[in-house]
Amino acid sequence: MSKNDGSIFQKIDPWINDDDGIREAGGMAKYLYIEGLLYVRRNINGRDGVIPKYALGEIGKDIPARDKHAKTLVRLGLWIDSKDCWEVRNWAKWNKTEDERRALSEQKRASGRKGAHAKWHSADKSEAGCRWCVEKGWVMP
Ligand SMILES: [Zn+2]
């Protein structure tokens with residue numbers, strides 16, 4: 001049974017096979033590349049497109065000669081070798097970075113608070129700490 005609560009998905013370009021590197025990599029290296037994307041999505045916090053090398057056993061468990069295919073991905077520039085990890089090329093181009101996700105989350109929270117103010121607060125039912133109630137002069141800052 002999947003551990004996914006239905007909130008986590010990985011987008012994959014439906015034209016991934018048009019990428020020169022992917023085409024040249026071949027089927028098993030492409031499979032490793034996609035497994036790498038899935039790994040990054042499952043372990044997204046603190047990892048913007050980064051795959052630790054110790055995870056190769058996990059992401060390549062069904063892939064014979066996975067070390068060879070990892071080297072192929074590096075040679076073709078699909079993974080960038082960086083000491084003890086690989087960085088997925090262009091990951092941040094297609095995915096929100098941790099900073100972007102955090103900013104978006106804060107934006108949604110602020111929007112929710114503003115919505116709650118509009119729906120529930122009034123001069124008679126103001127809330128301490130609500131910036132919009134403060135702006136209206138319903139409570140003191
Ligand atoms: Zn309010």
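Which loop holds Asn90? Select that residue and you land between strand S3 (85-88) and helix H5 (91-94). Before going further, some housekeeping: you're looking at a predicted model, where local features need pLDDT of at least 70, side-chain atom pairs count only at pLDDT 80 or more, and totals for chains, interfaces and linings use all residues. Numbering runs from 1 along each chain as its sequence is written, and side-chain values use heavy atoms, with hydrogens and water left out.

**Stop 1: the whole chain**

Zoom out and switch to cartoon. You should find 7 helices and 3 strands in the protein chain; these are DSSP runs numbered from the N terminus, with helices being H or I over at least four residues and strands being E over at least two. Reading along the sequence, the order goes α-α-β-α-α-β-β-α-α-α. The radius of gyration is 22 Å, well over the 14 Å that the globule rule gives for 141 residues, so the chain is more spread out than a compact globule. (That radius is taken over C-alpha atoms, and the rule is 2.2 Å times the number of residues to the power 0.38.) Show just the C-alpha trace, and its principal axes span about 70 × 30 × 30 Å.

Now put a surface on. Its accessible area is about 9900 Å², with 53% belonging to carbon and sulfur atoms; this is Shrake-Rupley with a 1.4 Å probe, and for residues only the protein chains shown count as cover. Of the 141 residues, 30% are buried, where buried means under 20% relative accessible area, exposed over 50%, and partly exposed in between (1.4 Å probe, protein chains only).

Colour by charge next. There are 27 positive and 21 negative side chains, and the centres of the two sets lie 3 Å apart. Lys and Arg count as positive, Asp and Glu as negative, while His and the chain ends are not counted; each charge is placed at NZ of Lys, CZ of Arg, CG of Asp or CD of Glu.

**Stop 2: Ala25**

Select Ala25, in helix H1 (residues 20-25). Ala25 counts as buried because its relative accessible area is 13%. What does Ala25 touch, not counting residues up to four places away in sequence? Light up Thr72, Leu73, Leu76 and Leu78, with contact meaning heavy atoms within 4.5 Å. For a distance to draw, try Ala25 to Lys83: 58 residues apart in sequence and 22 Å apart in space, C-alpha to C-alpha.

**Stop 3: two positive phi angles**

Back to Asn90, whose phi is near 65 degrees, a positive value in a residue other than glycine. Asn90 is partly exposed, at 37% relative accessibility. Then jump to Ala65, in the loop between helix H3 (56-59) and helix H4 (66-75). Its phi, near 55 degrees, is again positive in a non-glycine residue, and Ala65 is partly exposed at 47%.

**Stop 4: Arg101**

Pick Arg101 in helix H6 (residues 98-120). At 21% relative accessibility, Arg101 counts as partly exposed. Ignoring neighbours within four places in sequence, show its contacts: Ile44, Asn45, Asp48, Trp91 and Lys96. Arg101 and Asn45 sit 56 residues apart in sequence, and 9.9 Å apart in space between C-alphas.

**Stop 5: the cysteines**

Finish with Cys130 and Cys133. Cys130 is buried at 8% relative accessibility, and Cys133 is buried at 0%. How many disulfides are there? The count is 0, using a pair of cysteine sulfur atoms within 2.5 Å as the test.
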